[in-house]
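Got your viewer open? Let's take a short walk through this one, a few selections at a time.

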Amino acid sequence: MADHLTKEKRSWNMSRIRAKNTEPEIIVRKFLHSNGYRYGLHNRKMPGKPDIVLRKYNTVIFVNGCYWHRHEGCSFATTPKSNKKFWLDKFSENTERDKKNIKLLEKEGWKVFIVWECEVNDEKLLLGMINQFSNYL
């Protein structure tokens, strides 16, 4: 099945996808800040450049997009019908890199939390996640 967008339009769309300061990430940061947590952002010296670093608690948080990081069972984690092999390889590389970075961080003594894009849009899920997170600190 052919892509319904031109190559130029697809390229333009993909160029608009940000790696940091995404809407879900900002929602989590505002929620943490309003609950008294202070944090650093996107530490380039740490494996995977975690979105949020809570040094005081030796904790990092990744706010992952369900599509790019393949949130299992999520309706946002679709696979394009065109150029399927490319996308499956791309997604596999992403998930393997995520696993490697999490292992490295845990080996260095960091607690690692993953917040999924779809969880951020549901305030009850987000509150539950933050409460669960607070229990570990």
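We'll go from aromatic rings to nonpolar cores, and keep in mind that this is a predicted model.

**Stop 1: the rings.** Start by selecting Tyr 67, Trp 68, Phe 86, Trp 87 and Phe 91, which form one aromatic cluster. The count for this model is eight aromatic pairs. Phe 86 with Trp 87 is one of them, an edge-to-face pair with 5.0 Å centre to centre and 80° between the planes. Are these two rings buried or exposed? Phe 86 counts as partly exposed because its relative accessibility is 43%. Trp 87 comes out at 13%, so that residue counts as buried.

**Stop 2: a charge over the rings.** Keep the cluster on screen and add Arg 70. Arg 70 lies over the face of Phe 91, 3.8 Å from the ring centre. Arg 70 also lies over the face of Tyr 67, here at 5.7 Å from the ring centre.

**Stop 3: the largest core.** Now clear the view and pick out the largest nonpolar core, which has twelve residues, among them Val 28, Leu 32, Ile 52, Val 63, Phe 113 and Met 129. Colour α2 (23-34), β2 (52-54), β3 (59-64), β4 (111-116) and α6 (123-136) too: each supplies at least two residues of this core.

**Stop 4: one core member and a second core.** Zoom in on Val 120, another member of that core. What is Val 120 in contact with, leaving aside its neighbours within four places in sequence? Look for Pro 24, Ile 27, Val 28, Val 115 and Leu 126. Finally, select Met 46, Val 60, Leu 105 and Val 112, which are included in a second, separate core of seven residues.

Key:
Residues are numbered from 1 along each chain as its sequence is written. This is a predicted model: local features need pLDDT of at least 70, side-chain atom pairs count only at pLDDT 80 or more; totals for chains, interfaces and linings use all residues. Side-chain values use heavy atoms; hydrogens and water are left out. Rings of Phe, Tyr and Trp (its six-membered ring) pair if their centres lie within 6.5 Å; planes under 30 degrees apart count as stacked, over 60 as edge-to-face and the rest as tilted. Buried means under 20% relative accessible area, exposed over 50%, partly exposed in between (1.4 Å probe, protein chains only). A charge sits over a ring if NZ of Lys or CZ of Arg is within 6 Å of the ring centre and within 35 degrees of the ring normal. A nonpolar core is a set of buried Ala, Val, Leu, Ile, Met, Phe, Trp, Tyr and Cys residues joined through side-chain atoms within 4.5 Å. Helices (H or I, at least four residues) and strands (E, at least two) are DSSP runs, numbered from the N terminus. Contact means heavy atoms within 4.5 Å.
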